Each structure stands twice: as structure tokens, then as C-alpha cells.
Amino acid sequence: MWRKFKSKFIGDKLFYRRVLSLAVPMIIQNAITSFVSFLDNIMVGQIGTEQMSGVAIVNQLMFVFNICIFGGVSGAGIFGTQFYGKGDYEGQKYAFRFKLYTSALISAVALCLLSFCNTQLISLYLNDTGSVGDITLALNYGKEYLAIMIIGLVPFALSQTYISSIRETGQTFVPMLAGIVAVITNLILDYALIFGVGDIIPSMGVAGAAIATVVARFIECGIVLLWTHRNKERNPYIIGAYKSFGIPGRICKDILIKGTPLMLNEMFWASGMTVIVQCYAVRGLEVVAAQNISSTITNLFNIVYLQLGGCISIVVGQFLGAGKLEEAKDADNKMIFFSVGCCVVMAAFMMVIGRYFPSIYNTEESIRELARVFIAISASVMPLCAFSHCTYFTLRSGGKTVITFLFDSVFTWVVMIPFAFFLSRHTTLPIYLVFFLVQFTESIKVCIGFFMVKSGAWVQNIVSE
């Protein structure tokens, strides 16, 4: 029994060496990014509840943009990964061009919405039913922060287009290095611009936090672009990428058919998450502040399963592109087991640390206590999220983008959002119980995902011709 279990779910040293060589740089990069966001959040949290809430709301809107960009490049990325596994660098080049077009379109739409509808969007999360904070102040701080943050939309979109293509080739060190430089810059500027430095740099508060983030995004973009174009032998898809902007009709059609559901999935899933947050927010500004504290530490711990899931799309996608279907299934089983196992450990650490983390914030004790409960709930559901996340990337690696759309976005909008809406607005349940019930709908996705992965319907080569 043990031998059969080990053969199916536990790999050898070579397997884990390959997985970790991909995952560790990605985890480090995202850990540093999340840690700086973590420190940035704490710094803003030292100014006051209204400032922290205004910034948290804007970051929720920026989250939607970031995920839309991720979805936009991921649709073509499925093909880019399999083209690379096949050794077809021309095909990967066309996938890269498609990403450029998609990122440009998403950025243009986001710039228009965030520039002209900023007040309406931020106000969706502000409700005066609570007993803590001034929602007018929170709105003003949010608008001040957003006015600067939109400057960083284009460099972020461009850098993600390049980073996704670099990772398709199995190179994760350079994106990690660019991320490290960017976040260190962000951290230094955060402290200097938020609090000021003597008579040299004035205290700028939330505006200083936004400026630091935008500068960091330009730096990350510059490093990634410069390295890619100076190392064409390691990035053969970039040779001649800008000599023409054409994409063969057949490839464009295939990417649109497979990639559009994925892009729409990311967009609807991200917007769905913001709607759920808005459902919680109707219970007052203290809930917005508490969830901001909770999500800050949750995002830091979630990076392990998020990046291990991303590795599935690389490793399994390359096997599928090379026609090694049995190897793809075997690698997928082992990577899912590894990811969930890691997250059980991470959840335990988060549960312990989460008891003390909210005390760092300069806010009311009621907000800190609510944040502690949110953190404990988020830690409890983390292993379930790890499994469903791996399921999502498994299905995606085989081009099953319509199924991933149903699995992710449709589930969010049909199950989670109506449930959160009803519980938050039409019951008197305490907000922590509402949060618990909504979060643990993830168990339904786990059951569905288990049977979809087990069926093997995702095991297919989509670039065989």
C-alpha cells in the first residue's frame, strides 16, 4: 500500500530538484514582493484607520487589474509553454505578440475606468453603518492614492508580459532578481516618502506610498526588458518580435478560442473577489480595516501554493507539448500532493503568528480582534485553496480553459457571491461567521476538482500540428 502511494504521489530527488529550481525563485520573488507590501501596509496602518482603509480599497481595485493582466498573458502563455516544450520558437514569438496586444487593451480600459469612475468605485466599499472611522476621509485618501497608482499600470502590464514569456522557458531567476531590486527600492522609498526624512523629504502619507510603488514598477519593467533583449540566445522568441506585429490566423484563432475563456475567467474571478469583499464591507469601515490586516498576512503565506500551482502550468505544460502524456499525469499527481502538504505546514505557522500580527497596527482593539479571527479562518481554509488552485492549473495546462472558467468564475458568481450577499445583508449573523461560511465554500470546489483531475480529460497536446 505504501509503495503504491509513494509511487503515485511522492517523487524522487531529481523531480523535486526540478520543481524547486522553478518554484523557489518564484516564491522568493513573490515573498519579497508580499513582504514589502506587508511592510507598506503596516506603515500606512501607522497613520490611521481612514488612510489604511482608503489604500486597502484602492489596492482591491488594483488587484482586479493585476489579475486581468495575468489572465490576458496566461491565455497565450498556455501556447507559449507548449511551443517551447516542442522547440517551436516562432510559435512562442507569436504568443508573445498576442500578450502585448492583450495587455495594451486591458491597460487602456483600466486607465479609463480608474480615471473617470474613481469616486464611484471607491464608494462601493464605504458604508457608515459601523461605529469606527470617517468614510469621507477614507474616500479622499483613496482618491489621492489612486491618482498616482494609475501611472504604474502600463509598466506593470509590460513587465508581466515579458516575465510570463521568460518563465515559459523555465528561467525564473531573472524575474526574481528584478522583483528583489524593485521591492527593495519600494521599501526604502516607502519609509522615506510616507514618514519623511528630516527637512530633506517631507512626509507625504498615502501619496508617498503610491509614488514608491510606481517607481518600483518602472524599475522592475526596465530590468526585465533590458535583460531579455540583451540575452536573445536565451530568449530566442524575442528575435524579430518587433519587426512585424502579425500573428498567423490559425494561431491567433487557437489562442482566442483557448485563451479568451481564461482571460475572462481571471477577470470575472478577480471582480468576483472584490464583490465578496464589498459584501463584507456593508458591515462597516471596521470590517474593511480588519480584512485589510487579515489579507496582508494571508497574501504573504499564500505565495507558496500560488507559485507551486504556477509551476504545474510550466512542468506539466512542457510535458504535454513534448507529447509525454504519461509523464505529465505523473508529475501532476506529485506536484498537487507536494503543494497541499506544504500548505498544511504554512497554515499552522500562520495560525500561530496571526494571533500577534494585528497588534502591530495603530487602530482600534475591536478591529485587531476581528482581524485575528479572519486570519484564523483564512489559515484553516488554506489547504483546500491549495488543492483547488492546483486543479485549476492542471486543467489550464491542457488547454481546458472553458472548464476552468466554469470551475473558477462561474462558481464564484453563482455560489460564493449570492451566498455572501445574502448572509451579509439579510441575516444578523456576526461578520466573522459570514466570513467563515463563505470561505469554506471552497470545499465544494475541492470535490469538483478532484473528479475533474482524476478523469484525465485535461491530458492533451494542443500544439501537435
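Leaving aside neighbours within four places in sequence, which residues is Tyr305 in contact with? Select Tyr305 to begin; contact here means heavy atoms within 4.5 Å, and by that rule Tyr305 touches Ser339, Cys343, Met382, Cys385, Ala386 and His389.

Before moving on, note that this is a predicted model, in which local features need pLDDT of at least 70, side-chain atom pairs count only at pLDDT 80 or more, and totals for chains, interfaces and linings use all residues. Residues are numbered from 1 along each chain as its sequence is written, and side-chain values use heavy atoms, with hydrogens and water left out.

**Tyr305 and its surroundings**

Tyr305 sits in helix 11 (residues 285-321), where helices (H or I, at least four residues) and strands (E, at least two) are DSSP runs numbered from the N terminus. Its relative accessibility is 8%, so Tyr305 counts as buried; buried means under 20% relative accessible area, exposed over 50%, and partly exposed in between, with a 1.4 Å probe and protein chains only. Add Ser339 to the selection: the C-alpha atoms of Tyr305 and Ser339 are separated by 5.7 Å, although the two residues are 34 apart along the chain.

**Helices 3 and 13**

Next, select residues 49-86 and 365-397, which are helix 3 and helix 13; they pack at an angle of about 10 degrees, with their axes 15 Å apart. Helix 3 is therefore roughly parallel to helix 13. The axes are lines fitted to C-alpha atoms, for helices over the stretch in contact, and the angles run from 0 to 180 degrees between N-to-C directions; under 35 degrees counts as roughly parallel, over 145 as roughly antiparallel, 65 to 115 as roughly perpendicular, and the rest as oblique. To display the contact, show Thr49, Phe70, Ser74, Ile78 and Gln82 of helix 3 together with Ile367, Phe393, Arg396 and Ser397 of helix 13.

**The loop before helix 13**

Asn362 can be picked next, in the loop between helix 12 (325-353) and helix 13. With 42% relative accessibility, Asn362 counts as partly exposed, and, residues up to four places away in sequence not counted, Asn362 touches Gly45, Gln46 and Arg368. For a long-range reference, draw the C-alpha distance from Asn362 to Ile106, which is 37 Å for two residues 256 apart along the chain.

**Aromatic pairs**

A pair of aromatic rings is described by the distance of the centres and the angle of the planes. Rings of Phe, Tyr and Trp (its six-membered ring) pair if their centres lie within 6.5 Å, and planes under 30 degrees apart count as stacked, over 60 as edge-to-face and the rest as tilted; the count by this rule is 13 aromatic pairs. Select Phe96 and Tyr242, whose ring centres are 6.3 Å apart with planes at 90 degrees, so the pair is edge-to-face. This pair links distant parts of the chain, with Phe96 in helix 4 (residues 89-116) and Tyr242 in the loop between helix 9 (206-230) and helix 10 (249-281), 146 residues apart. Phe96 is buried, at a relative accessible area of 0%, whereas Tyr242, at 35% relative accessibility, is partly exposed. Widen the selection to Phe96, Tyr162, Tyr237, Tyr242 and Phe245, and one aromatic cluster is displayed.

Then move to Phe357 and Tyr361, an edge-to-face pair at 5.5 Å centre to centre with 80 degrees between the planes; both residues are buried.

**Last stop: Lys329**

Finish in helix 12 at Lys329, which counts as partly exposed at 34% relative accessibility. Outside its neighbours within four places in sequence, Lys329 is in contact with Trp458 and Val459.
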